[in-house]
Amino acid sequence: MLDDADRRLLRYLQSDPEAPVSDIADRAGLQPTTAARRLDRLRAQGVLRGSHAVIDWAALGYAVEVSLRFTLEKTQARAFDEFQAAARNIPEVIAIQTFLGRVDVRLSVIARDMADYQRLYRDSILTLPHIADIEALMHVATLKTSETLPI
């Protein structure tokens with residue numbers, strides 16, 4: 001379980017992941033060596049899995065985002081595995097999620113424009129194995145996005 005000091009460290013790390021450990025420790029009211037040990041422990045426990053760069057794909061010219069919801073033909077035992085393996089090989093697929101219910105898999109796909117999306121859909125998406133049904137949802141706006149947890 002996390003104690004108050006761990007939660008403070010994680011909260012400050014979330015708000016400024018590029019800050020030096022000494023700054024995060026100071027904000028959390030801890031000594032830098034204590035903060036470093038606690039962060040190492042949180043990494044070892046798998047609570048803190050790392051940090052990453054967040055790249056704005058729209059700034060790189062990808063103007064179209066589509067959420068594709070798939071129902072798979074599940075007559076073959078490996079349908080999910082084969083579908084997911086093939087979807088991972090499409091560079092424009094930026095997220096793959098699986099579900100229980102009517103929808104089996106959701107892919108988030110980006111494209112430079114509608115012509116690029118149509119090419120991607122025809123040449124890559126429709127060739128994925130075991131598709132029974134596809135529903136496309138065109139992304140219009142992002143109203144909220146956050147990876148920050150309420151710690």
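**Charged side chains in a predicted model**

Let me begin with arginine 69, which forms a salt bridge with glutamate 135, their closest N and O atoms lying 2.7 Å apart. This pair links distant parts of the chain, since arginine 69 sits in strand β1, residues 64-72, while glutamate 135 belongs to strand β4, 66 residues apart. Please keep in mind that what we are looking at is a predicted model. Arginine 69 has a relative accessible area of 28% and is therefore partly exposed, and glutamate 135, at 28% relative accessibility, counts as partly exposed too.

How many salt bridges are there by this rule? The count comes to eleven, and as a general matter, side chains of opposite charge can pair when their charged atoms come close.

Another of these pairs is aspartate 104 with lysine 74, whose closest N and O atoms are 2.7 Å apart. Here again distant parts of the chain are linked, with aspartate 104 in the loop between β2 (93-98) and β3 (105-111), and lysine 74 in the loop between β1 and α4 (79-88), 30 residues apart. Aspartate 104 is buried, with a relative accessible area of 3%, whereas lysine 74, at 46%, counts as partly exposed.

Turning to histidine 130, we find this residue in the loop between α5 (114-125) and β4 (131-138). Histidine 130 has a relative accessible area of 17%, so we call it buried, and its side chain makes a polar contact of 2.5 Å with the side chain of glutamate 82.

Finally, at the surface, Asp16, Glu18, Asp23 and Asp26 form a negative patch, in which aspartate 16 lies in the loop between α1 (4-15) and α2 (21-28).

Definitions and conventions. Residues are numbered from 1 along each chain as its sequence is written. This is a predicted model: local features need pLDDT of at least 70, side-chain atom pairs count only at pLDDT 80 or more; totals for chains, interfaces and linings use all residues. Side-chain values use heavy atoms; hydrogens and water are left out. Patches are made of residues with over 30% relative accessible area and no salt bridge: like charges are joined within 9 Å, nonpolar side chains (Val, Leu, Ile, Met, Phe, Trp, Tyr) within 5 Å. Accessible areas come from the Shrake-Rupley method with a 1.4 Å probe; for residues, only the protein chains shown count as cover. A salt bridge is a side-chain nitrogen of Lys or Arg within 4 Å of a carboxyl oxygen of Asp or Glu. Lys and Arg count as positive and Asp and Glu as negative; His and the chain ends are not counted. The place of a charge is taken as NZ of Lys, CZ of Arg, CG of Asp or CD of Glu. Helices (H or I, at least four residues) and strands (E, at least two) are DSSP runs, numbered from the N terminus. Buried means under 20% relative accessible area, exposed over 50%, partly exposed in between (1.4 Å probe, protein chains only). A polar contact is a pair of N or O atoms within 3.5 Å; within protein, one must be able to donate a hydrogen and the other to accept it, and residues adjacent in sequence count only if both atoms are side-chain atoms.
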